[in-house]
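Work through the exercises below with the sequence and the model side by side. Try each task before reading its solution.

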Amino acid sequence: MNPAATNDINVLQDWIGRTESRVDVIRAPWAQMMQQTLDRAGELVDGDVLPQLWHWIYFLDSVPLARVDTDGHPERGGFLPPVALPRRMWAGGRLTFGEPVRLGDTVTKTSTINNVVMKEGSTGALCFVTVTHELHVNNKLCVSEEQDLVYREHPDPDAPKREPKPARTDAIWSETVTPSEVMLFRFSALTFNGHRIHYDRPYATDVEGYPGLVFHGPLTATLLGGLATSSSGQPMTSFSFRAMAPLFDLDPFTISGAPSPEGDHSADLWATAPGGRLAMQASATFPD
């Protein structure tokens, strides 16, 4: 039985240091479905390098329907701490890349709870959970990732709206993304993500207070990482991203980038919502 959900930080911090390991085969058909979801040309086959960040469509979580919470996520507890706050989001992360992962590889993923912190924000209580993941193939480190999860209260309709941060307008590379219900459903299926904000419009608007279906944060990050590699012509050695504001399926948005002032081996990247609002910011580095 899962432990009772709580916001008692003394209980939640008992999860720090917990570790779990999983093994998965990086199957080509799953990567091909990701290609088709993103309208990418060609067909990946066994032996090809898995595009960076696409490891997120493997190592999937699954629980019986009886253990699914009202938001579509698994019930609180298990590997992640049983935070009682109702809304859970993937707020950002930092990744470094070593040996490439290839289609057909058998990969071991080891995950560890690094930290649990409670804070009080302008919208109420917040809980931040930091998780690290390491992916190994034949004992060689391929991906090292630090993931930030945030739990928060349901929105107060009477609370003052936060002033949006404007996105940069000096892009060197830019693409327009036209989201759709089918794209969001496909990515939810590829990642076995049951969170209803991505496919259940009445739940997203009436319960969690969003204007439309929410575009997946890791999908935005994947698109930004893909823009970085295609524009530079090189794989990334590191990538970091931070969600600033949600994107929705209501209108097209843009993903953009430019070489960073620090030099030719790094880039700044960002996603811009309609009206010029900054939705996600990211950075990437490349081999010297």
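**Exercises on a predicted model**

Helix H2 is followed by Asp39, a residue with a positive phi, near 55°. The model is a predicted one.

**Exercise 1.** List the buried residues of helix H2 and name helices that help to cover them.

Solution.
Step 1. Find helix H2, which spans residues 28-37.
Step 2. Pick out its buried residues: Ala28, Ala31, Gln32, Met34, Gln35 and Thr37.
Step 3. Look at what covers these residues; the cover includes helix H3 (181-190) and helix H5 (217-232).

**Exercise 2.** Describe how H2 packs against H3: are the two helices roughly parallel or roughly antiparallel?

Solution.
Step 1. Take the geometry: the axes of H2 and H3 are 10 Å apart, and the packing angle is about 165°.
Step 2. Angles over 145 degrees count as roughly antiparallel, so H2 is roughly antiparallel to H3.
Step 3. Give the handedness: the crossing of H2 past H3 is left-handed.
Step 4. Name the residues that make the contact. H2 contributes Trp30, Met33, Met34, Gln36 and Thr37, while H3 contributes Met183, Arg186, Phe187, Ala189 and Leu190.
Step 5. Sort the residues of this contact by type, which gives 7 nonpolar, 2 polar and 1 charged.

**Exercise 3.** Is His195 buried or exposed, and which side chains make polar contacts with its side chain?

Solution.
Step 1. Locate His195 in the loop between H3 and helix H4 (201-207).
Step 2. Compare its accessibility with the cut-off: buried means under 20%. His195 has 3% relative accessibility, so His195 counts as buried.
Step 3. Find the polar contacts of the His195 side chain. One is with the side chain of His73, at 3.3 Å. Another, of 3.3 Å, joins it to the side chain of Glu208.
Step 4. Add the contacts of His195 beyond its neighbours within four places in sequence: Asp71, Gly72, His73, Arg88 and Glu208.

**Exercise 4.** Where is Ser256 found, and which residues does Ser256 touch?

Solution.
Step 1. Place Ser256 in strand E8, residues 253-259.
Step 2. Apply the cut-off for burial again: the relative accessibility of Ser256 is 4%, so Ser256 counts as buried.
Step 3. Look for a polar partner; the side chains of Ser256 and Ser174 make a polar contact of 3.3 Å.
Step 4. Leave out residues up to four places away in sequence, and list what Ser256 touches: Ala171, Trp173, Ser174, Leu224, Leu227, Asp268, Leu269 and Trp270.

Technical notes. Residues are numbered from 1 along each chain as its sequence is written. This is a predicted model: local features need pLDDT of at least 70, side-chain atom pairs count only at pLDDT 80 or more; totals for chains, interfaces and linings use all residues. Side-chain values use heavy atoms; hydrogens and water are left out. Buried means under 20% relative accessible area, exposed over 50%, partly exposed in between (1.4 Å probe, protein chains only). Helices (H or I, at least four residues) and strands (E, at least two) are DSSP runs, numbered from the N terminus. Contact means heavy atoms within 4.5 Å. A polar contact is a pair of N or O atoms within 3.5 Å; within protein, one must be able to donate a hydrogen and the other to accept it, and residues adjacent in sequence count only if both atoms are side-chain atoms. Axes are lines fitted to C-alpha atoms, for helices over the stretch in contact, and angles run from 0 to 180 degrees between N-to-C directions. Angles under 35 degrees count as roughly parallel, over 145 as roughly antiparallel, 65 to 115 as roughly perpendicular and the rest as oblique. A crossing is left-handed if the near helix is turned anticlockwise from the far one by less than a right angle, and right-handed if clockwise. Ala, Val, Leu, Ile, Met, Phe, Trp, Tyr, Cys and Pro count as nonpolar, Asp, Glu, Lys and Arg as charged, and the others, Gly among them, as polar.
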